[in-house]
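Grab the viewer and work through these exercises at your own pace. Each task comes with a solution to check against.

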Amino acid sequence: MLVGYMRVSSADERQSVDLQRDALISAGVDERHLHQDKASGARDDRPGLKACLEDLRSGDVLVVWKLDRLGRSLSHLIRIVEELKRRGVAFRSLTEQMDTTTPQGEFLFNIFGSLAQYERALIKERVTAGLAAARRRGRRGGRPPSLDAEKVEQVVAALDGGASKASVCRTFKVPRSTLLGTLERFGWTGTRPSAEALDQQSTTPRTRTRKASA
């Protein structure tokens, strides 16, 4: 059985699922087995996606109009499809013409998985290199960062693995403002942290503005 999933962003009121719906129905998905969300792709609590995944059974095929309608990142997409594969569920994306029921589609998906693993390795390498450079130069004063180096690496790995900022805040017990400030100082943009930013963060002291004496 074919089961379809559609998503539009909650930030754009003009968006409609009509285009996705028509494409999925034309691909053979029964309208009774369509699920949808109006939510940002970054959210990990999409009720439509949850219902869709629960609706799938072994032998079914999950169909989406485009890859970015399903996963909030490449790593998140890979994790979803790998979990479906373990359940005996295939995956098909109409726009990218990816279909894991075919040898070509399975090969393409394996390439995506390798790219996600490569990206995670690059992030870890850059974080490690930046921290090593900072240790060689030594700290020159200033208030210590709210998250230590080890925890920053864990946070970056969690975000790259598909975790949302909200779940990271809960897991590491840090305020959202602290998390966002730390990611900004370390140059994390959603893809990879900057080693130069890590170096600068660890070596540049913070200054305080003093009030002039009367």
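**Exercise 1.** Is arginine 69 buried or exposed? Then find its salt-bridge partner and describe that partner's exposure.

*Solution.* Keep in mind that this is a predicted model. Start with the accessible area: arginine 69 comes out at 14% relative accessibility. The cut-off for buried is under 20%, so arginine 69 is buried. Next, look for a carboxylate: arginine 69 makes a salt bridge with aspartate 68, with 2.9 Å between the closest N and O atoms. Finally, check that partner: aspartate 68 has a relative accessibility of 35% and counts as partly exposed.

**Exercise 2.** How many salt bridges does the structure hold? Pick out the one made by arginine 32 and classify both of its residues.

*Solution.* The total is five. As background, side chains of opposite charge can pair when their charged atoms come close. For arginine 32 the partner is aspartate 30, and their closest N and O atoms lie 2.8 Å apart. Now the exposure: arginine 32 is exposed at 69% relative accessible area, whereas aspartate 30, at 30%, is partly exposed.

**Exercise 3.** Which residue forms a salt bridge with glutamate 83? Work out how the two are placed along their helix.

*Solution.* The partner is arginine 86, with the closest N and O atoms 2.9 Å apart. Both residues sit in helix 3, which covers residues 74–86. They are three residues apart there, so about one helical turn separates them. As for exposure, glutamate 83 is partly exposed at 36%, and arginine 86 is exposed at 63%.

**Exercise 4.** Trace the chain through strand 3, helix 3 and strand 4, and name the handedness of the unit they make.

*Solution.* Begin with the strands: strand 3 (residues 61–64) and strand 4 (residues 90–93) run parallel and are joined by four bridges. Add helix 3, and the three elements make a β-α-β unit that is right-handed.

**Exercise 5.** Which residues does arginine 92 pair with or stand opposite in strands 3 and 5? Finish with the turn between strand 4 and strand 5.

*Solution.* Take the parallel side: arginine 92, in strand 4, is the bridge partner of valine 63. Then switch to strand 5 (residues 98–99), which pairs with strand 4 in the antiparallel sense over two bridges. There, aspartate 99 is the residue opposite arginine 92. Last, the turn: strand 4 and strand 5 form a hairpin with four residues between them, and glutamine 97 in that turn has a positive phi of about 55°.

Key. Residues are numbered from 1 along each chain as its sequence is written. This is a predicted model: local features need pLDDT of at least 70, side-chain atom pairs count only at pLDDT 80 or more; totals for chains, interfaces and linings use all residues. Side-chain values use heavy atoms; hydrogens and water are left out. A salt bridge is a side-chain nitrogen of Lys or Arg within 4 Å of a carboxyl oxygen of Asp or Glu. Buried means under 20% relative accessible area, exposed over 50%, partly exposed in between (1.4 Å probe, protein chains only). Two strands pair if DSSP finds at least two bridges between them. A crossover is right-handed if, with the strands pointing away from the viewer, the path from the first strand over the helix to the second runs clockwise.
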